[in-house]
Amino acid sequence: MPLNCANSAACVCDKGSAPSVLVASKAPTIRIGGQVPATIADTTIAAPFGVCSLTQKICSFSPSGQWSSLLPSCRLGGVEPLLIGATLSCTLGGTLTVISP
């Protein structure tokens, strides 16, 4: 069974030079193991992914579209949970992937 992610889940961008963490804030009243769960509505990253290989500048992550949906039958506060391995495109051309909960 896929693992759900929580606030501060580790993420990488395939065009970035450093990892970052996800800020989960869309389901603040729900807790899983004492943590706020991440949902597909969460797209805020705590810090840039270092230098973007496409622009050669500090990352300015700009989400495009929605997270890949890996468990559509489950809902947390009416929204799908975000799972390890979920991906989200950036308008600059990179792909963000959740790598740990």
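# Exercises on a predicted model

In β2, the residue Val21 is the bridge partner of Ala10. The model is predicted. Each exercise below is followed by a worked solution.

## Exercise 1: The sheet

Find the order of the strands in the open sheet, and name its edge strands.

Solution.
- Step 1. Start with β1 (residues 10-13) and β2, which pair in the antiparallel sense over 2 bridges.
- Step 2. Look at the partners. Ala10 is matched with Val21, and Cys11 has Ser20 as its bridge partner in β2.
- Step 3. Check the connection. β1 and β2 form a hairpin, with 6 residues between them.
- Step 4. Move on to β3 (residues 44-45). It runs antiparallel to β2, and 2 bridges join the two strands. Here Val23 has Thr44 in β3 as its bridge partner.
- Step 5. Put the sheet together. It is open, has 6 strands and runs in the order β3-β2-β1-β6-β5-β4, with antiparallel pairing.
- Step 6. Read off the edges. They are β3 and β4, each of which pairs on one side only.

## Exercise 2: The surroundings of Ser20

Describe where Ser20 lies and what its side chain reaches.

Solution.
- Step 1. Place the residue. Ser20 belongs to strand β2, which covers residues 20-23.
- Step 2. Judge its exposure. The relative accessibility of Ser20 is 6%, so the residue counts as buried.
- Step 3. List its contacts, leaving out residues up to four places away in sequence. Ser20 touches Ala9, Ala10, Cys11, Ile45, Ala46, Ala47, Pro48 and Phe49.
- Step 4. Pick out the polar contact. The side chain of Ser20 reaches the backbone oxygen of Ala47 at 2.6 Å.
- Step 5. Link this to the sheet. Cys11, one of the residues touched, is also paired with Ser20 by a bridge.

## Exercise 3: Two cysteines

Explain why Cys13 and Cys90 do not form a bond.

Solution.
- Step 1. Find the closest cysteine sulfur to that of Cys13. It is in Cys90, 6.1 Å away.
- Step 2. Work from the other end. For Cys90, the closest cysteine sulfur is in Cys13.
- Step 3. Apply the cut-off. A disulfide needs the sulfur atoms within 2.5 Å. At 6.1 Å the two sulfurs are too far apart for a bond.
- Step 4. Confirm with the total. A search of the whole structure finds 0 disulfides.
- Step 5. Add the exposure. Cys13 is buried at 12% relative accessibility, and Cys90 is buried at 10%.

## Exercise 4: A charged pair

Which residues form the salt bridge, and how far apart are their closest N and O atoms?

Solution.
- Step 1. Recall the principle. Side chains of opposite charge can pair when their charged atoms come close.
- Step 2. Count. The structure holds 1 salt bridge.
- Step 3. Name the partners. Arg75 bridges to Glu80, with the closest N and O atoms 3.7 Å apart.
- Step 4. Test the distance. The limit is 4 Å.
- Step 5. Set the exposures side by side. Arg75 is partly exposed, at 47% relative accessible area, whereas Glu80 is buried, at 12%.

## Exercise 5: An aromatic pair

Classify the pair formed by the rings of Phe49 and Phe61.

Solution.
- Step 1. Count. There is 1 aromatic pair.
- Step 2. Take the geometry. The ring centres of Phe49 and Phe61 are 6.0 Å apart, and the planes stand at 80°.
- Step 3. Classify. An angle over 60 degrees counts as edge-to-face, so Phe49 and Phe61 form an edge-to-face pair.
- Step 4. Locate the rings. Both Phe49 and Phe61 sit in the loop between β3 and β4 (63-64), 12 residues apart.
- Step 5. Check burial. Phe49 is buried at 0% relative accessibility, and Phe61 is buried at 17%.

Key: Residues numbered from 1 in each chain as written. Predicted model: local features only at pLDDT ≥ 70, side-chain atom pairs only at ≥ 80, totals over all residues. Heavy atoms only, no water. Buried < 20%, exposed > 50% of the residue type's maximum accessible area, 1.4 Å probe, protein only. Salt bridge = Lys/Arg side-chain N within 4 Å of Asp/Glu carboxyl O. Helix = DSSP H or I, 4+ residues; strand = E, 2+ residues; numbered from the N terminus. Polar contact = N/O pair within 3.5 Å; in protein donor to acceptor, adjacent residues only side chain to side chain. Contact = heavy atoms within 4.5 Å. Pairing = 2+ DSSP bridges. Phe/Tyr/Trp six-rings, centres within 6.5 Å; stacked < 30°, edge-to-face > 60°.
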